[in-house]
Protein chains: 2
Amino acid sequence: MPKQSAALGPHRRLFADRRRNPDGKRVAVLHTAVRMFLERSYGRTSMNDVALQLNITKPALYHYFRNKEEILVEIYRLGTDLIDEMLDSIEADEKPGLDKVADFIAGYIRIITGDFGRAVIRLDDGELSTAGRRLVRGRKREIDHRVRGLIEGGMKDGSIASCDAKIASFILVGSIHGMASWYEPTGPMKLTAITAQYVGILTAGLANGSMGELVEPGSVLLKSAALMQG
Amino acid sequence: MPKQSAALGPHRRLFADRRRNPDGKRVAVLHTAVRMFLERSYGRTSMNDVALQLNITKPALYHYFRNKEEILVEIYRLGTDLIDEMLDSIEADEKPGLDKVADFIAGYIRIITGDFGRAVIRLDDGELSTAGRRLVRGRKREIDHRVRGLIEGGMKDGSIASCDAKIASFILVGSIHGMASWYEPTGPMKLTAITAQYVGILTAGLANGSMGELVEPGSVLLKSAALMQG
DNA sequence: TAGATATCCTACCGATGAGTAAGATATCAA
DNA sequence: TTGATATCTTACTCATCGGTAGGATATCTA
């Protein structure tokens, strides 16, 4: 963990003195918490851990948040807000569905490589209470529906090949979600290069005309019907 | 949880009497545990929970496993074994790389819709000790490399368009991993139909010739360069 | 400068959960 | 039948963690 102590510095410094700054300190807690939750998971990060990272004690955290869950819910809210705004902007555009999908891929990658976007994907909403889980999953479901809408729009205007929009959107977001796990900002690949690959492969898969000569899954699929495991 | 008590019945019944059957009871524990880990996560499933589900008490579990982690590692081992065997069979085939990829998609979906396959994807290996984590992540990495090999093979024989094999394999497995989260065996969609969609879209995306007229990510990508978040 | 209050701390509670000690009882092989 | 042992239980230890009680101290405003 000392690896990222440099990045945490600014937030830590906010708590160096007792200057009054409730809003600023609240978001500082959020930035530190989301980093730690992503690194060690929500369940394995104690309130004490977060407090120590900020150079305060655990009860001080409860001055800014009612409980641990409130921190997590707030993180989800910030992350889903980013995604919502991007979808707003894409839906407002006037262009073929396939182009909107291309924009979505690029925008989604941009968001998901940031802390709060990545949190929406990687953190386990099963840790939430029933109420919190309902809220978060509702927002996720809404996002899914909007992505599906993009694909359906493309099928209507003919830029996207006829397919099951639900499955296609799952493939789309699923492949990008994977990035949230393996992408490292300090890694060797430039983000723009990665994005170009994603846009290329995924739009090629959806584009009308490209699914002409379908590859049939052969032996393994047949085997799968026979060996279907209980 | 009473929802799946029917499926757990057989394993529960194994522990009804004290007949000696160490191996059978061991796998019964594994089957019950993987189900519960998938439903409630490893961290939120206590040894007591698992024991109760089997109609025994917690210490009895320690007769079959040294500790909780040993159960999880064993689950990972069984799951990765399934994937390894499938890759063995595909690599042994003599067919174009794109066809192998199609077979892989179908085979991977089949495995991932089963309990142990899904566990490899969904369970958090961050819960493991350093030693266990090294072991599990090593096996996962090996699988990744083999998938990448399939794609590289296809690029060599010309059936797959030139692209970054690393990214392409991440897109491939990432999109299927998403299934491990949303797929429900009792859901409305037949597995063969879902598989066909995956094979269709993904092989179309990789196939040589389909990436001719690339869709350029437009406004959003440009915005992303400017708004890059810290 | 003085009161209001924001900020933060020490010390604690109660719950949970992994793992163990030590012994009771059933099963099976000889 | 009997001894070895596999199986399982009750009753515990120890550590961690979310959250709180109650008070101390610094900051800002009037």
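How do the residues of the surface near DNA strand D divide into nonpolar, polar and charged? In this predicted model, they divide into 8 nonpolar, 6 polar and 9 charged. Let us walk along that surface, then along its counterpart at DNA strand C, and finish with some helices and single residues.

**The DNA surfaces**

Around DNA strand D there are 23 residues, and those that come nearest are Ser46(A), Asn67(A), Lys68(A), Thr57(B) and Pro59(B). Four helices each supply at least two residues of this surface: α3 (47-53) and α4 (58-61) from chain A, and α2 (22-40) and α4 (58-61) from chain B.

Turning to DNA strand C, you will find 23 residues surrounding it, with Thr57(A), Pro59(A), Ser46(B), Asn67(B) and Lys68(B) the closest. Here at least two residues each come from α2 and α4 of chain A and from α3 (47-53) and α4 of chain B.

The table sets out the classes for each strand.

| Surface | Nonpolar | Polar | Charged |
|---|---|---|---|
| near DNA strand D | 8 residues | 6 residues | 9 residues |
| near DNA strand C | 8 residues | 6 residues | 9 residues |

**Helix α2 of chain A**

Since α2 of chain A supplies residues to the surface near DNA strand C, it deserves a look of its own. α2(A) has 19 residues and reaches 26 Å from its first C-alpha to its last, close to the 27 Å expected at 1.5 Å a residue. Its buried residues are Ala28(A), Val29(A), Leu30(A), His31(A), Thr32(A), Ala33(A), Val34(A), Arg35(A), Met36(A) and Phe37(A).

Pro22(A) also lies in this helix, which covers residues 22-40. Pro22(A) is exposed because just 8 other C-beta atoms lie within 10 Å, and the cut-off for exposed is 12 or fewer. From Pro22(A) to Ala165(A) is 143 residues in sequence and 45 Å in space, C-alpha to C-alpha. After α2(A) comes Ser41(A), with a positive phi near 80°.

**A buried glycine in chain B**

Gly107(B) sits in helix α6 (residues 97-112) of chain B. With 24 other C-beta atoms within 10 Å, Gly107(B) is buried, as the cut-off for that is 20 or more. Gly107(B) and Ile90(B) are separated by 17 residues in sequence and by 9.1 Å between their C-alpha atoms.

**A crossing between the chains**

Finally, helix α10 (residues 191-206) of chain A meets helix α9 (residues 165-182) of chain B: their axes come within 10 Å and cross at roughly 55°. The two helices are therefore oblique to each other, and the crossing of α10(A) and α9(B) is right-handed.

Methods:
Residues are numbered from 1 along each chain as its sequence is written. Chains are lettered from A and ligands numbered from 1 in the order in which they are written. This is a predicted model: local features need pLDDT of at least 70, side-chain atom pairs count only at pLDDT 80 or more; totals for chains, interfaces and linings use all residues. A residue is near a molecule or strand if its C-beta atom, placed from the backbone, lies within 6 Å of it. Ala, Val, Leu, Ile, Met, Phe, Trp, Tyr, Cys and Pro count as nonpolar, Asp, Glu, Lys and Arg as charged, and the others, Gly among them, as polar. The expected span of a helix is 1.5 Å times one less than its number of residues. Axes are lines fitted to C-alpha atoms, for helices over the stretch in contact, and angles run from 0 to 180 degrees between N-to-C directions. Angles under 35 degrees count as roughly parallel, over 145 as roughly antiparallel, 65 to 115 as roughly perpendicular and the rest as oblique. A crossing is left-handed if the near helix is turned anticlockwise from the far one by less than a right angle, and right-handed if clockwise.
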